[in-house]
Each structure stands twice: as structure tokens, then as C-alpha cells.
Amino acid sequence: MSDTPFGFGLPPEEPEDGDEGKKKDQQSGGGQGPANPFGFGDLSGAGGFGGPGADNPLAAMFGSLNPTDLGAAFQQLGQMLSYEGGPVNWDMAKQIARQTVAQGTPDGTKDASIGPAERKAVEEAVRLADLWLDDATSLPSGSGSAVAWSRAEWVEATLPAWQELVDPVAERVGAAMGDVLPEEMQAMAGPLIGMMRSMGGAMFGTQIGQAVGVLAGEVVGSTDIGLPLGPVGKAALLPANVEAFGKDLGVPEEEVRLYLALREAAHQRLFAHVPWLRSHLFGAVDGYARGIKVDTAKLEDVVGQFDPQNPEQLQDALQQGMFQPEDTPEQKAALARLETALALVEGWVDAVVHAAAKPRLASADALRETLRRRRATGGPAEQTFATLIGLELRPRRLRDASRLWASLTDARGVDGRDGLWAHPDMLPTAGDLDDPDGFVHREQLDFSELDKMLGEAADKRDLHKPDLRKKDDDAKDDSKGDDAE
């Protein structure tokens with residue numbers, strides 16, 4: 001689990017001028033230090049808040065801004081206070097994400113528009129990948145189109161999915177914080193509570209925007225984290241990030257692109273032709289969110305002892321884990337269900353892609369191991385997502401799941417393996433990952449027969465409905481005849 005399950009905090013970036021920059025940063029109160037107790041990050045470069053003046057909150061916000069920037073800052077503050085939407089200000093999240101992308105990645109790579117050559121290369125890679133996958137899986141193509149995205153386009157395309165993922169968590173936290181005040185105090189402080197909700201929505205939106213912006217600098221497609229973040233049927237690659245991924249691998253760029261296209265196209269097949277899978281994964285995140293609780297005793301203590309001259313204590317309290325998942329069987333089950341499902345998705349993709357690539361790409365083994373390590377150890381993208389919703393959406397048992405799917409292929413063939421996706425109850429469980437041989441050779445339930453029986457029963461019920469209506473009409477006619485007599 002993340003050390004700050006819902007802190008929405010990101011580690012401060014290293015200053016460009018090394019130790020001297022650190023000293024200046026500490027003196028000026030920049031970054032996530034005392035001058036920035038509410039976790040808004042250093043947005044001074046983006047026309048937002050930040051700057052010197054740790055002892056003066058207003059100076060910390062506006063002291064270093066010129067008149068133009070000051071106007072922009074007041075405009076942003078007005079947007080924050082006037083927000084009346086849900087638990088997260090998604091307009092602000094989008095704005096901050098775009099600003100983060102525009103600043104570039106730590107290695108100095110800037111975002112750029114996609115050119116015709118890059119677009120064509122991605123389309124051809126996805127088209128070839130789909131042809132190769134036809135031999136490795138019985139699931140048909142799920143890529144209605146292939147698109148090449150810039151980082152900014154990735155942000156735009158994936159925000160609806162982030163909203164679906166994050167809103168339940170933010171709503172739960174917001175409700176828990178509102179419950180801290182007694183009812184009579186809530187009635188008296190109505191306008192103040194409304195303002196705090198607006199500020200809370202802006203705070204969450206700012207932090208999510210920063211996190212998604214950082215993530216956009218690393219992902220290579222729309223399904224990197226095992227969840228379908230992009231539109232249905234669109235296989236997407238980010239050429240700039242694909243190039244950065246393969247930079248030091250010693251593998252030709254076209255092979256790297258093709259291997260990543262295989263993974264993207266395999267994910268698309270799975271999510272397109274297993275209709276219950278997306279809701280299963282997102283539902284597990286929602287189930288996890290319902291189990292989040294706020295340590296109200298700690299929050300009451302912080303609010304009661306809050307010293308305006310020492311505002312960093314609020315940030316310290318958040319960093320110490322004020323928001324924690326409940327240690328209940330339901331919460332553990334939600335987390336286990338999510339982790340197992342992610343492992344099964346990634347394990348299936350890993351096995352299928354390897355079967356398709358191994359006979360055709362000399363670099364298949366090396367690329368497979370690189371991606372496994374990337375997923376298993378968790379890079380900045382994984383840490384960012386863990387901060388977003390308090391979960392490490394990293395399949396800890398990727399290798400176990402991949403071995404199980406490979407064993408199923410050997411024992412039952414491609415059709416028998418892929419047939420398990422027909423119903424969630426047919427999939428391996430966490431226990432099955434401990435005993436893959438036992439699962440592979442276990443007799444499976446045939447849900448097709450059950451569905452057939454249920455369908456026949458429904459047909460028979462429908463056939464009897466007209467008779468029942470006819471009896472009703474006859475009874476009414478008899479009743480009318482009796483009244484007439």
C-alpha cells in the first residue's frame with residue numbers, strides 16, 4: 001500500500017542547479033515545504049501559486065508574482081472558491097495536467113505534435129500486431145482504429161476514466177471530513193463548509209492534475225496500468241514515450257514499437273470481447289473506496305490545535321496517514337479481488353504477446369523481461385497512481401499469472417484458455433495462483449449449458465404470459481356479466 005493512501009502528494013523535483021538550488025529552495029520556502037502546507041506544488045512557473053514568504057501565507061501565494069501573474073493567480077483563486085461541482089475540480093485537474101505536460105519530463109523531453117510519419121508508423125505497427133495476435137488468441141481484434149497521441153492528447157483522452165476511478169475515493173474522503181464537525185456546528189458554518197468543499201475540490205483537482213501530467217510523460221499506450229483508460233476500440237501509442245522507453249535497450253526502434261503495439265492490441269482484444277471485465281476492475285476500485293475511513297480523532301486533534309503561525313502541521317498530519325483503509329474482511333477482499341484481476345489481465349497479455357512475438361522478433365525475450373521488471377518494481381508512473389487513489393495497481397503476481405496462462409495453453413489449447421474469460425466465476429483465484437497445476441487440471445464448470453438452461457426457462461415463462469393475461473381478461477368479463485345481472 002502507498003505510505004500516503006490519499007495524501008495526493010508528489011515528491012519534490014530536484015532543482016536544476018543541484019545543492020545550491022536546494023539551499024535556495026529551502027530559504028525561499030518553495031516546493032512541498034512549510035510555505036506550501038496544502039500540497040499545491042510549485043506552480044509559479046505555470047502562472048499559479050508559489051514563491052517566498054513562509055511566515056506570510058499571502059506572501060507565499062503572491063509575493064513573487066508580477067502584476068500579470070498576480071491577476072492570473074486571483075483568477076485561479078476565484079475559480080477555486082466558485083467551484084460547485086463534485087468532489088474533484090476536474091476543470092482545474094485538466095488545466096494543471098496540461099501545464100505539467102508542457103513543462104516536459106525530468107530528462108528534458110518536451111511534448112510535441114504528432115507528425116504524419118509517426119502516425120503512419122503506429123498504424124502499421126498495430127495492424128501487423130493484430131495479424132500476429134490472430135495466431136495467439138481466439139479473441140478477435142478489438143482495435144477499431146490505431147492512433148498516435150502526444151502526451152497532451154493522452155491527458156485529454158484518459159481524463160474521463162480518471163474521473164470514474166478517483167471520484168469515489170475523493171467523495172468518501174470528503175464525506176468523512178465533513179462528519180467531523182457536530183451537526184449544530186455544521187448548521188452554523190454552512191457558508192464556510194461550502195467554501196471548504198470548493199477548496200477541497202480544487203486541492204484534489206490540482207494534485208490529480210499534477211499526477212496525471214507526470215504519468216503522461218511515461219506511459220507508452222492507453223492500457224499501461226492494466227486498466228482501459230482510453231476510448232473503447234482505440235489502440236493508442238505515444239511515439240515520444242515509445243522512443244524514450246527503447247532509448248538504452250539496444251533494440252531497433254521499430255521492434256520496440258511493434259512489441260508495445262502487440263501489448264496494446266492484446267489489451268484491446270481482452271477489454272472489447274470480455275464485456276464484464278472493465279466494470280469488474282472499476283467496481284473493485286469503488287469497493288475499495290467505500291472502505292476508506294478518516295481518522296477523525298486525529299483530524300479533530302489537528303483542527304483543535306491548529307496554529308495559523310504553524311500551518312505546516314496540517315500537511316504533516318496528512319502525510320502521516322490520516323486517510324487509511326479499514327482493516328475489515330470486506331476491504332481486504334476488495335483489494336485482493338483487484339490485485340488478482342490485474343495480475344490475470346497482465347499475465348494473459350504477457351503470455352499471448354510472448355507467443356506471438358517469440359517466433360518473429362529476436363528481441364522478444366529482452367523486451368518481455370524489461371516490461372516485466374517495469375511493472376513489477378514500479379516506476380514513477382506506478383508511484384503516481386498509488387498516490388492518486390491510495391492503491392498500488394501493480395500486479396504483484398504477474399509472473400505467477402503468466403505461467404498459469406501458459407500452462408492452460410499447453411493443457412487446453414488457445415480456445416480452452418481464452419474460454420475462461422466467458423464468466424468471472426471461471427477465472428483463477430488468488431489461491432489458484434499458488435497452485436496453478438491444480439487449477440489447470442481441475443474440471444471446469446460449463447457455464448454455456450447453464451446459460452442455455454436459463455434461456456429455455458425464460459422462453460417458457462414468456463410463453464405462459466399471454467395465457468395468464470387471457471385468464472385475467474376472462475375473469476374481468478365474468479365480473480362485468482355478474483354486475484349486469
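**Notebook: cavity, rings, confidence**

I started with the lining of the largest cavity, and helix 10 gives the most to it, with four residues. Worth noting up front: I am working on a predicted model.

**Entry 1, the cavity.** I looked up how many cavities of 30 Å³ or more there are, and the count comes to three. The largest cavity has a volume of about 120 Å³. I then wrote down who lines the largest cavity: Val 220, Gly 221, Thr 223, Asp 224, Leu 237, Leu 260, Arg 263, Glu 264, His 267, Leu 371, Arg 374 and Arg 375. The elements that put two or more residues into this lining are helix 10 (253-273) and helix 15 (364-377). Sorted by class, I get five charged, four nonpolar and three polar residues in the lining.

**Entry 2, aromatic pairs.** How many aromatic pairs are there? I get four. One of them is Trp 154 with Trp 162, an edge-to-face pair, with 6.4 Å centre to centre and 65 degrees between the planes. The cut-off for edge-to-face is over 60 degrees, so the label fits. Are these two rings' residues, Trp 154 and Trp 162, buried or exposed? Trp 154 has 0% relative accessibility, so I log it as buried. Trp 162 also has a relative accessible area of 0%, so Trp 162 goes down as buried too.

**Entry 3, the other tryptophans.** Next I checked Trp 405 and Trp 421. Their ring centres are 5.4 Å apart and their planes sit at 20 degrees, so this pair is stacked. I looked up where the two partners sit: Trp 405 is in helix 17 (residues 398-418), while Trp 421 is in the loop between helix 17 and helix 18 (430-434). They are 16 residues apart, and the pair links distant parts of the chain. Both Trp 405 and Trp 421 are buried. I also followed the ring pairs outward, and they join Trp 276, Trp 348, Trp 405 and Trp 421 into a cluster.

**Entry 4, confidence.** Last, I pulled the pLDDT figures. The protein chain has a mean pLDDT of 74, with 57% of its residues at 70 or more. Which element has the lowest mean pLDDT, and which the highest? Helix 2 (residues 57-62) has the lowest at 42, and helix 5 (residues 116-133) has the highest at 97. Over residues 1-64 I find pLDDT below 50. Beyond near neighbours in sequence, that stretch still has 116 contacts in the model.

Technical notes: Residues numbered from 1 in each chain as written. Predicted model: local features only at pLDDT ≥ 70, side-chain atom pairs only at ≥ 80, totals over all residues. Heavy atoms only, no water. pLDDT = per-residue confidence, 0-100. Contact = heavy atoms within 4.5 Å. 1 Å grid on protein atoms, 1.4 Å probe; cavity = no way out; pocket = protein on both sides within 12 Å on 5 of 7 lines; lining within 4 Å. Points joined across faces, edges and corners; volume = space filled by probe spheres on them. Nonpolar A, V, L, I, M, F, W, Y, C, P; charged D, E, K, R; others polar. Phe/Tyr/Trp six-rings, centres within 6.5 Å; stacked < 30°, edge-to-face > 60°. Buried < 20%, exposed > 50% of the residue type's maximum accessible area, 1.4 Å probe, protein only.
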